[in-house]
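Good morning, everyone, and thank you for making the time. I would like to walk you slowly through one model today, so please have the sequence and the structure open while I talk.

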2 protein chains.
Amino acid sequence: MARTTVAPPPGGENLLFLTDEQLRKGIEAMFFAYRGFTADPDRILEAKGYGRAHHRALHFIHRDQGQTVTNLLAMLGVTKQSLNRVLRTLVEDGLVEARVGRRDKRERNLYLTPEGEALERELSEAQRGRMRAAYRAAGPAAVAGFRQVLEAMMDPDLRRYYQSMKDAG
Amino acid sequence: MARTTVAPPPGGENLLFLTDEQLRKGIEAMFFAYRGFTADPDRILEAKGYGRAHHRALHFIHRDQGQTVTNLLAMLGVTKQSLNRVLRTLVEDGLVEARVGRRDKRERNLYLTPEGEALERELSEAQRGRMRAAYRAAGPAAVAGFRQVLEAMMDPDLRRYYQSMKDAG
DNA sequence: TTGGAAAGTCAACAAGGCTGCCCTAAAATC
DNA sequence: GATTTTAGGGCAGCCTTGTTGACTTTCCAA
C-alpha cells in the first residue's frame with residue numbers, strides 16, 4: 001500500500017497513473033464531482049421540502065416498480081427506520097403507494113403514483129442534464145473509462161446490484 | 001432536455017452514449033461508487049469517534065498547509081458553524097493547529113500536527129488503496145476518461161479549485 | 001400449533017448540515 | 001482619526017438523515 005510513492009515505475013509498463021499523487025487527484029475529483037452531481041436535484045428538492053434521501057428512494061422505486069422495502073434497503077444501504085421515515089412522508093404526500101404484498105402479506109410493494117413519477121422525472125432530468133453535458137464534453141471513449149473505473153470502485157455487493165440493473169434497462 | 005429519449009442518433013456520429021438510459025446508468029454508477037469511495041475511511045473514522053466532515057477537513061488542510069479558515073470553507077462548501085464545530089474538536093484533540101496569521105492577524109493558518117498527519121495518512125491510505133485497485137483494474141486509458149468526465153461534471157468554481165490544485169501537486 | 005424468522009413500524013438519540021445574531025480584532029477606506 | 005468591512009469565534013435552535021432497540025404482524029416449518 002506504500003509501494004507507489006516514488007516515481008519510476010517497475011517493469012516495462014507505464015504505471016505513473018498509480019502514483020499517490022495521481023490517486024489523490026482522483027480522490028479530489030470524486031469529491032468535487034459528486035458535489036456537482038447532486039447540486040441540481042438538491043435545489044429542486046429543497047424548494048419542495050424534500051432531501052436527498054427522498055430523491056434516492058424515488059429513483060430506485062422508479063427503477064424497479066413494485067419492489068419491496070427490504071430490497072430498497074439493500075440498494076440504499078441505510079437502516080429501516082431511515083428509509084421508513086422518508087417513505088412515510090412520500091406515501092402521505094401521495095407520491096408513493098405501498099401495497100400489501102399479494103403472496104406475502106408482510107411485504108409492501110412500492111409504486112410511484114403519477115405525482116411521484118412527475119417529481120422523479122423532474123429530478124432525473126436535472127441530474128441527467130449535467131451528466132449529458134459532461135458526457136458530451138468528454139466524449140464516448142472517456143465515458144467508457146469513467147464507467148469502468150466507477151464500477152471497479154464499488155463494493156462487490158453493490159457492484160452486483162449495479163450490474164443486475166444494467167441489463168434490466 | 002428530452003431530445004435523446006428515442007434511439008437513432010442524429011447526424012453521422014454515434015451518440016448512443018447520450019441516451020437517457022445510458023445517463024441513468026451513469027447516475028447509478030456515481031451513487032454506488034461514491035458509497036465504495038467513502039466506505040473504508042468511514043470505518044476508520046467511526047472507530048475514532050470522528051465523521052466524514054473531519055476527514056474532509058484533514059484532507060484539505062494536509063493538501064494546503066497553512067491555509068485559512070475562509071479558504072477551507074470555500075473548498076468544503078459548508079457554513080462557518082459547520083466547519084467550526086469540526087475544527088474545534090480537531091484542535092482540542094491536538095490534530096490541527098490554528099496559528100494566528102503573521103501578516104493579517106485576523107486570519108488563522110491551519111496546520112496538521114504530527115498526530116493529525118498520522119490520521120490523515122491512515123485515512124488517505126485506505127482511500128487510495130481502493131482507488132489504486134480500481135485504477136489498476138481499469139487501466140490508464142480508462143482512468144484518463146474517468147478524470148475527464150468527473151472534471152466536466154463539477155461546478156465551474158469547484159473546477160477552478162480542482163485545477164489549481166492539480167499543479168500545486 | 002407453536003415458535004422462530006422475516007417484514008415493517010415507531011420512539012428516541014446523534015451527527016452534521018443550516019440560519020441568525022452577536023461579539024472581537026484587524027484591516028481598509030473615507 | 002473615525003467608520004466600515006472583513007476574518008473569525010460562539011451560541012441558540014432548527015432540520016435531515018443516519019443510528020439502535022423494542023414492538024407488531026405475518027409466514028413457515030418442526
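Let me begin with DNA strand D, which has 26 residues around it, and the closest of these are G51(A), Q81(A), S82(A), K105(A) and T70(B). Please keep in mind throughout that what you are looking at is a predicted model. If we ask which elements give two or more residues to the surface near DNA strand D, we find helix 2 (52–63) and helix 4 (80–92) in chain A, together with helix 3 (69–76) and helix 4 (80–92) in chain B. Helix 4 of chain A has the largest share of that surface, with 5 residues. Sorted by class, the residues near DNA strand D are 11 charged, 10 polar and 5 nonpolar.

Now let us turn to the other strand, DNA strand C. Here 23 residues lie around the strand, and those that come nearest are V69(A), Q81(A), G51(B), V78(B) and T79(B). At least two residues each are supplied to this surface by helix 3 (69–76) and helix 4 of chain A, and likewise by helix 2 (52–63) and helix 4 of chain B. The largest share near DNA strand C, 4 residues, again belongs to helix 4 of chain A, and by class the surface there has 10 charged, 8 polar and 5 nonpolar residues.

From the DNA, I would like to move to the place where the protein chains touch. How many residues of chain B are in contact with chain A? There are 55 of them, and they meet 56 residues of chain A. On the chain B side, helix 1 (20–48), helix 5 (114–138), helix 6 (140–153) and helix 7 (156–168) each supply at least two residues, and helix 1 of chain B gives the most, with 16 residues. This side of chain B divides into 32 nonpolar, 14 charged and 9 polar residues.

Finally, how are the two copies related? A turn of 180° with a shift of 0.0 Å along the axis lays chain B on chain A with an RMSD of 0.2 Å, and therefore the two copies are related as by a two-fold rotation axis. If you want to find that axis on your screen, look for F146(B), since among the residues of chain B its C-alpha comes closest to the axis, at 1.9 Å. The interface fits this picture as well: 100% of the interface residues of chain B are also interface residues in chain A, so the copies meet through the same surface.

Notes. Residues are numbered from 1 along each chain as its sequence is written. Chains are lettered from A and ligands numbered from 1 in the order in which they are written. This is a predicted model: local features need pLDDT of at least 70, side-chain atom pairs count only at pLDDT 80 or more; totals for chains, interfaces and linings use all residues. A residue is near a molecule or strand if its C-beta atom, placed from the backbone, lies within 6 Å of it. Ala, Val, Leu, Ile, Met, Phe, Trp, Tyr, Cys and Pro count as nonpolar, Asp, Glu, Lys and Arg as charged, and the others, Gly among them, as polar. Two residues are in contact if their C-beta atoms, placed from the backbone, lie within 7 Å. Copies are superposed by least squares on the C-alpha atoms of residues with pLDDT of at least 70 in both.
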